[in-house]
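Student: I've got this model open and want to go through the ligand site and a few backbone oddities. Can we take it step by step?

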Amino acid sequence: MGYYIVRGGRTIGGEFAVRGSKNAALPILAACILAEDEVVLENCPHIRDVSLTLEILQELGCKAEFSGRTLTIDSRSLSKTEIGRDTVRKMRSSILFLGALLGRTGKAVLGHPGGCAIGKRPIDLHLRAFEKMGVVVRERDDLLDCEAPHILGYDIYLDFPSVGATENILLLAARAEGATVIHNAAKEPEIVALAQFLRACGAEIYGEGTSDIMVEGVRKLHGAYFTIPADRIEAGTFLCAAAMTGGEICLKGPEREQLEAFERAIERTGCRLEWESCGPCLRLRPPKRLSSGFTLATGPFPCFPTDLQPLIMSLLTLAEGTCMISETVFEARFSHSAELCRMGADIRIDGRNATICGVKRLHGAEVSGKDLRGGAALLAAALAAEGESIVHGSQFVERGYEQIEKAFASLGGDIRLAE
Ligand code: EPZ
């Protein structure tokens, strides 16, 4: 288990090219199971969740080759339809192989994903939709044993616009008999990217990015050449780190309409954001002192993204004034707040609400990240704090950020990873 050693007090700033999106890449990698021809994916990030997903593809008999940031996947040699419980427990998004394997072969056996540090993470919405589409789901000793001799298109109404459930239904519906409509679908940019990839493979999908997505099943899907979009959550992470340390940063790669709610929130702290034509690039200029004094709620896209809640909380610990954050998506996503308090922050948690009273400075401490984005939030705080911090939990951070210590160091941070 590695940890980061950070000497705070230096500004994080300069130019940074945002890497490919973890949450777009993972469902697209699962979707490669449906393509009966070679797939080439550009701009893939070198992160632990991608490596784990490639291991699953290889375990199922597919070929997967990484060269630079280009991934070549060939699932014509698919030979298995079972993924063990240990693998699924390690990474919740492996549940997306359920829809892909069933769509391709009509059979899938997967370990139950189980919960994690940010909440129970149920899959009832996935399974209820699958059963409506003709999947027989048997749960035996912690395994999901699913069969679908015929997958039929259906009108699905989601009780909650779940990202994973929307993705899994798209994967199952792509080759179903007849049409499927997903009502109250998730509208995240990662859903749009998955739909664009499936369409590049020959799927007939309409309405992605809205609450109603229609899929006309086709008999077969072919290969494709596709570029993974930039990671909007990594973009927000680096903007927060720069703002907290008083650095000016210019990010290359993020797509404008993907960050609107986050932009509105960070501008309320006094940061100035400007989209420049170079690429496009997003430039952030921080104020002399960050300010707060507003309330913020996370929610499904286009609301403020839950994945940036830990990062904006970290930033608000240094903002003059009091702010309240409501975490409406996950029931246990404040594990980073106690660790921030060990660095001198003033945060009070009441259920799903966090009240942050800004302090003038944070001090270095030994802290532990308990999940991916919480760990990143502690790194941003350590970079802004006075003195040295030890941040444990690199195994979580490496799931979603490619060598984040090198990225922050290239922007002026004094940070290194110790194994
Ligand atoms: C995806 O998780 C992302 N992960 C998460 O990012 C992100 O936080 C989340 O969407 C919300 O945007 C990936 O894309 C790999 P959900 P997912 O299904 O699909 C409840 C990160 O840090 N729910 O939209 O699991 C669930 O309990 C990760 O990169 C059900 O009740 O999110 C939660 O409260 C963390 N039943 C809410 O919906 C279900 O069947 C949102 O879950 C499914 C979900």
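**Around the ligand**

Tutor: Sure, and keep in mind that this is a predicted model. At least two residues of the shell around the ligand come from each of H1, helix H5 (124–132), helix H6 (163–173) and helix H12 (372–384).

Student: Which helix gives the largest share of the shell around the ligand?

Tutor: Four helices each put at least two residues into that shell, H1 and H12 among them. The largest share is three residues, and the helix that supplies them is H5.

Student: How do the residues of the shell divide by class?

Tutor: There are 22 residues around the ligand, and Arg92, Asp124, Ser162, Asp307 and Val329 come nearest. By class, the shell has nine nonpolar, six polar and seven charged residues.

Student: What is the distance from the ligand oxygen to the side chain of Asp307?

Tutor: Let's go through the polar contacts, where the cut-off for an N or O pair is 3.5 Å. A backbone N or O atom of Pro122 sits 3.4 Å from a ligand oxygen, and a side-chain N or O atom of Asp124 is 2.7 Å from a ligand nitrogen. For Asp307, a side-chain N or O atom lies from an oxygen of the ligand at 2.5 Å.

Student: How much of the ligand's accessible area does the protein cover?

Tutor: On its own, the ligand has 830 Å² of accessible area. The part covered by the protein is 87%.

**Two helices side by side**

Student: How do H1 and H2 run relative to each other, parallel or antiparallel?

Tutor: Helix H1 (residues 22–31) and helix H2 (residues 48–59) have axes 10 Å apart and pack at an angle of about 0°. Angles under 35 degrees count as roughly parallel, so H1 and H2 are roughly parallel.

Student: What classes of residue make the contact of H1 with H2?

Tutor: H1 brings Lys22, Ala25, Leu26 and Leu29, and H2 brings Asp49, Val50, Thr53, Leu54 and Leu57. By class, that gives two charged, one polar and six nonpolar residues.

**Backbone oddities**

Student: Which residues does the cis peptide bond join?

Tutor: Most peptide bonds are trans. This one has an omega of about 15°. Pro302 is in the loop between strand E18 (295–297) and helix H10 (309–316), and the cis bond joins Phe301 and Pro302.

Student: What is phi of Asp142?

Tutor: Most residues other than glycine have a negative phi. Asp142 is in the loop between strand E8 (136–140) and strand E9 (143–147). Its phi is positive, near 65°.

Definitions and conventions:
Residues are numbered from 1 along each chain as its sequence is written. This is a predicted model: local features need pLDDT of at least 70, side-chain atom pairs count only at pLDDT 80 or more; totals for chains, interfaces and linings use all residues. Side-chain values use heavy atoms; hydrogens and water are left out. Axes are lines fitted to C-alpha atoms, for helices over the stretch in contact, and angles run from 0 to 180 degrees between N-to-C directions. Angles under 35 degrees count as roughly parallel, over 145 as roughly antiparallel, 65 to 115 as roughly perpendicular and the rest as oblique. Contact means heavy atoms within 4.5 Å. Ala, Val, Leu, Ile, Met, Phe, Trp, Tyr, Cys and Pro count as nonpolar, Asp, Glu, Lys and Arg as charged, and the others, Gly among them, as polar. A residue is near a molecule or strand if one of its heavy atoms lies within 4 Å of it. A polar contact is a pair of N or O atoms within 3.5 Å; within protein, one must be able to donate a hydrogen and the other to accept it, and residues adjacent in sequence count only if both atoms are side-chain atoms. Accessible areas come from the Shrake-Rupley method with a 1.4 Å probe; for residues, only the protein chains shown count as cover.
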